Amino acid sequence: MAVRKSSNLPQAAVIRHILKRCSSFGRKNGACSDKGHSLPLDVPKGHFAVYIGEKRSRFIVPISLLAHPEFQSLLRAAEEEFGFDNDMGLTIPCEEVVFRSLTAVLC
């Protein structure tokens, strides 16, 4: 896959963008959309969906993970590889086993 140059946005702006696109934060009446894309209704408030690995396994993770430097490193890798403005959802280039281990320690 092609590597995309980082947008060099401040970290807070990147996190706000992720929250807006991928979380249930601020969702009203069970539905929310961004650029015509509906957010999944099965994502609880305070969580967001990510897709991991080659098989793009879907995980629902708490927003609190965004505060951890280890998770922020994964987000930077995702931004460089895929960008945040795509139709694939937030895809993190990481092996599923590694992601499970990391989230088990951080949550």
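The charged end of Arg56 sits over the ring of Tyr51, with 4.6 Å between that charged end and the ring centre, and this small arrangement is a convenient place to enter the structure, which is a predicted model. Arg56 belongs to the loop that lies between strand 3 and strand 4, and its relative accessibility of 34% is why it counts as partly exposed, since that class covers values between 20% and 50%. The backbone of Arg56 also deserves attention, for its phi is near 55°, a positive value in a residue that is not glycine. Most residues other than glycine have a negative phi.

From this loop we can move outward to the two strands on either side of it. Strand 3, residues 47-52, and strand 4 run antiparallel and are joined by 6 bridges, and together they form a hairpin with 4 residues between them. Gly53, which is in the turn, has a positive phi as well, of about 75°. Where the strands face each other, Ile52 has Ser57 of strand 4 as its bridge partner.

The hairpin is part of a wider arrangement. Strands of a sheet pair through backbone hydrogen bonds, either parallel or antiparallel. Here an open sheet of 3 strands has the order 4-3-5, and its pairing is mixed. Strand 4 and strand 5, the latter made of residues 91-92, are the edge strands, each of them pairing on one side only. Strand 3 and strand 5 run parallel and are joined by 2 bridges, and in this pairing Ile52 stands opposite Ile92 of strand 5.

Which side chains of strand 4 point to the buried face? Along residues 57-62 the side chains alternate, so that Ser57, Phe59 and Val61 point to one face and are buried, whereas Arg58, Ile60 and Pro62 point to the other face and are not buried.

Phe59 leads on to the aromatic residues, because it forms one aromatic cluster together with Phe48, Phe71 and Phe99. The structure holds 3 aromatic pairs. In one of them, the rings of Phe48 and Phe71 have their centres 6.1 Å apart and their planes at 75°, and since an angle over 60 degrees is needed for this class, the pair is edge-to-face. This pair links distant parts of the chain, as Phe48 is in strand 3 and Phe71 is in helix 2 (residues 69-82), 23 residues apart. Both Phe48 and Phe71 are buried.

Val61, another of the buried residues of strand 4, brings us to Thr103, which is placed in helix 3, residues 96-106. Leaving aside residues up to four places away in sequence, Thr103 touches Val61 and Leu65. Is Thr103 buried or exposed? Its relative accessible area is 12%, which is under the 20% limit, and therefore Thr103 is buried. The side chain of Thr103 has a polar atom that lies 3.2 Å from the backbone oxygen of Arg100.

The cysteines close the tour. Cys94 has a relative accessibility of 12% and so counts as buried, while Cys107 has a relative accessibility of 62% and so counts as exposed. A search of the whole structure finds 0 disulfides.

Key: Residues numbered from 1 in each chain as written. Predicted model: local features only at pLDDT ≥ 70, side-chain atom pairs only at ≥ 80, totals over all residues. Heavy atoms only, no water. Disulfide = S-S within 2.5 Å. Buried < 20%, exposed > 50% of the residue type's maximum accessible area, 1.4 Å probe, protein only. Pairing = 2+ DSSP bridges. Polar contact = N/O pair within 3.5 Å; in protein donor to acceptor, adjacent residues only side chain to side chain. Contact = heavy atoms within 4.5 Å. Phe/Tyr/Trp six-rings, centres within 6.5 Å; stacked < 30°, edge-to-face > 60°. Lys NZ or Arg CZ within 6 Å of the ring centre and 35° of its normal.
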